[in-house]
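Trainee: Could you take me through one part of this model in close detail? I would like to look at the salt bridges and the residues that form them, and then at whatever else helps to place them.

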Amino acid sequence: MKKLIILLFIGITASLHAQNWSFAPKIGLNLANMTNADGSMKPGLNLGVTAEYRFNDVFAIEPGLFYSMQGFKASVEGQNIKFKSDYLNIPILAKAYVKDGFNIFAGPQLGFKVSEKFKGSEHGVSATIDTDMLKTVDFSLVFGVGYQFNMGLLIAANYNVGLNNIAKKEGKMLDQPIAQEGSSHNGVLQLTLGWRF
């Protein structure tokens, strides 16, 4: 009988505890750039899922997992180029619901480079080359604002500020260093849509 009561208590506790969790698939637009690369913002996609744990009506924590298309675009020596660096990003965000569904959030993000490509075009001829000019790991700080509608729809805008130098010393593009001053950091503006379950 004691075992049955204990199991029942554990089940009820776990059920109540699980009610604080919600999940949201998300998709959005990236406008990415890299510092000291003489480039401009390159559009791309971010796609992933988050899990939000609500401590109360105001505070929450939101870990996530995203595939993020980053990099920059530029014109170098008469060529229009796109430097594509894709990452698997893991943010852990602290959220505060300020009023109704309006929220602000911030937190660290760990990124792992998945792929890296250089795409150039000159006189109508284009080529794509796999490169290895960036370090494998990227650390960044995420901060932004969002709104959670009662129906489940959510929208958010955030900026990811790269904290570590991601350029390898030997990294070159068209015989020029990828970072003109020897270092480069990711910077990504993200606009996302999601649906919370």
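Mentor: From the N terminus on, the elements of the protein chain run α-β-β-β-β-β-β-β-β-β-β-β, which comes to one helix and 11 strands. Please keep in mind that this is a predicted model. The chain has 197 residues, and 39% of them count as buried. Among contacts between residues at least 6 apart in sequence, 62% join residues at least 24 apart. The accessible surface comes to about 11,200 Å², and carbon and sulfur atoms account for 67% of that.

Now to the part you asked about. A search of the whole structure finds seven salt bridges. A good place to begin is R196, which forms a salt bridge with E52, where the closest N and O atoms are 3.8 Å apart. R196 lies in the segment after β11 (186-195), while E52 belongs to strand β2 (residues 42-54), so this pair ties together parts that are 144 residues apart in sequence. Both R196 and E52 are buried.

R196 has another partner as well: its side chain meets that of E62 in a salt bridge, at 3.0 Å from N to O. Because E62 sits in strand β3 and R196 in the segment after β11, this pair ties together parts that are 134 residues apart in sequence. How buried are the two residues? E62 has a relative accessible area of 4%, and R196 has one of 13%. Buried means under 20% relative accessible area, so E62 qualifies at 4% and R196 qualifies at 13%.

These two pairs should be read together with their surroundings. K26, E52, R54, E62, K95 and R196 are linked in a network of salt bridges. As a general point, side chains of opposite charge can pair when their charged atoms come close.

For another example, turn to E116 and K113, whose side chains meet in a salt bridge at 2.9 Å, N to O. E116 counts as buried because its relative accessibility is 4%, and K113 counts as buried at 18%.

Strand β5 (residues 102-122) gives us a further residue to examine, G111. G111 is buried, with a relative accessible area of 0%. Leaving aside neighbours within four places in sequence, G111 is in contact with Y87, L88 and N89, and also with T136, V137 and D138. G111 and D86 are 25 residues apart in sequence, and their C-alpha atoms are 9.5 Å apart in space.

Y87, one of the contacts of G111, also leads us to the nonpolar side of the picture. The largest nonpolar core has 11 residues, Y87 being one of them, together with M34, A37, F72, A74, I81, F83, F118, M133, L134 and I166. Strands β3 (59-76) and β4 (79-99) each supply at least two residues of this core, and the largest share, three residues, comes from β4. In soluble globular proteins, nonpolar side chains tend to be buried together.

To trace all this on the model, you could start at R196 and follow its salt bridges to E52 and to E62. From there, G111 in β5 takes you by way of its contact with Y87 to the largest nonpolar core.

Terms used: Residues numbered from 1 in each chain as written. Predicted model: local features only at pLDDT ≥ 70, side-chain atom pairs only at ≥ 80, totals over all residues. Heavy atoms only, no water. Helix = DSSP H or I, 4+ residues; strand = E, 2+ residues; numbered from the N terminus. Buried < 20%, exposed > 50% of the residue type's maximum accessible area, 1.4 Å probe, protein only. Contact = heavy atoms within 4.5 Å. Core = buried A, V, L, I, M, F, W, Y, C linked by side-chain atoms within 4.5 Å. Salt bridge = Lys/Arg side-chain N within 4 Å of Asp/Glu carboxyl O. Areas by Shrake-Rupley, 256 points an atom, 1.4 Å probe, with all protein chains shown as cover.
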